[in-house]
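Student: I have just opened this one and don't know my way around yet. Could you walk me through a few parts of it?
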Amino acid sequence: MNDLEQHTDILSLIRVRMSGLSKGHKRIAEYILANYEKCAFLTAAKLGEVVGVSESTAVRFPAALGFSGYPEFQKALEDILQEKIHSFDRIDVLNSHMTTNMVVNNVMSMDARKIEHTLKSFDTASFDMAVEDIMAAESVYIIGARSCEPLAEFFGYYLRLVKKNVQVVKTGNTNELFEQMVYIGEGDVAIGISFPRYSMRTLKAMEFANNRKARVIAITDSVHSPMNMYSSCNLFARSDMASIVDSLVAPMSLINALIVSICLKNSEQVVENIEKINTFVDNFEYSGNDEINMLDENVVNELRKCMDNAAIDEEK
């Protein structure tokens, strides 16, 4: 039985083979041991670039460990990452002996702690930069795959109250993804939202936007996220898995804060747009209206109040 068959953990396999590796391969091995979360998403060319070796050296590295090629090696790294993500020892929600109240209290308490932890490490400068970038952008592209897709849709829905050119990019098909972003360029902003398990399609969309000279904002979980590789501004929100469900409460709260900040800075435009929608709803005889109150008048009043307060501050 060879080393590859004996060591199901690729990290332990790398440690065992380290002494017999060439100088270039040792540099790759050391980088992977310290950054395996990122390496699971790196192509051979990108891995060689970040480590400082040639692409061919990176391509040959898996063979030195006993893998048939780079795809098999990358899959082994992804398996390690998914195993870490799927560890359910944080909360035993699947325990059949837990009562409904126990489950609700545990899950909601954990969600509340995610927001608290996000606040403790909150980077105000990065948040302000993201707000300014979005406000100044000619077009905004929002990318979120799998469980992050509802976050992207929510963000896009409210951002359209402020900006004309907002597109929530559909990520179901890789070709369609790039087709939707074909016009992105300098002056535009791409917002990539991804949490473990990280989306390769979101990462590729962010790389594409970066290559086209657009500003790229990452909304992700930590400095170790591969989403940071192509972003010029990083916003972090805590997200862990409680049993089988990804906790995305803190990311949603962060997006809410972005929306409110952007709306307050564009309050006149928001009021104008809301009034246009109200007028349309009042004048258009739509018998199928399925909402009790399409737009709360209090929203308009609050924004007007903010505008009045801002005007008073300027006079002072």
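Student: Let's start with the strands: in which sense do strand 4 and strand 5 pair?
Tutor: Keeping in mind that this is a predicted model, strand 4 (residues 215-220) pairs with strand 5 in the parallel sense, over four bridges. Within strand 5, F236 is the bridge partner of T220.

Student: And which side chains of strand 5 are buried?
Tutor: Strand 5 covers residues 233-236, and its side chains alternate, with C233 and L235 pointing to one face and buried, while N234 and F236 point to the other face and are not buried. In a regular strand, side chains alternate between the two faces of the sheet.

Student: Switching to helix 9, which residues are buried there?
Tutor: In helix 9 (residues 149-159) the buried residues are L151, A152, F155, G156 and L159. These residues lie on the same side of helix 9, because they cover an arc of only 125 degrees around the axis. On the other side of helix 9, P150 and Y157 are exposed.

Student: OK, what covers those buried residues of helix 9?
Tutor: The covering elements include helix 8 (124-136), strand 1 (140-144), strand 2 (166-169), strand 3 (189-193), strand 4 and helix 12 (249-265).

Student: One more thing, D111: is it buried or exposed?
Tutor: D111, which lies in helix 7 (residues 100-120), counts as buried because its relative accessibility is 18%, and buried means under 20%.

Student: What is D111 in contact with, leaving aside its neighbours within four places in sequence?
Tutor: With those neighbours left aside, D111 is in contact with S247 and V249. D111 and S239 are 128 residues apart in sequence, yet their C-alpha atoms are 8.7 Å apart in space.

Notes: Residues numbered from 1 in each chain as written. Predicted model: local features only at pLDDT ≥ 70, side-chain atom pairs only at ≥ 80, totals over all residues. Heavy atoms only, no water. Helix = DSSP H or I, 4+ residues; strand = E, 2+ residues; numbered from the N terminus. Buried < 20%, exposed > 50% of the residue type's maximum accessible area, 1.4 Å probe, protein only. Contact = heavy atoms within 4.5 Å. Pairing = 2+ DSSP bridges. Arc of directions from axis to C-beta.
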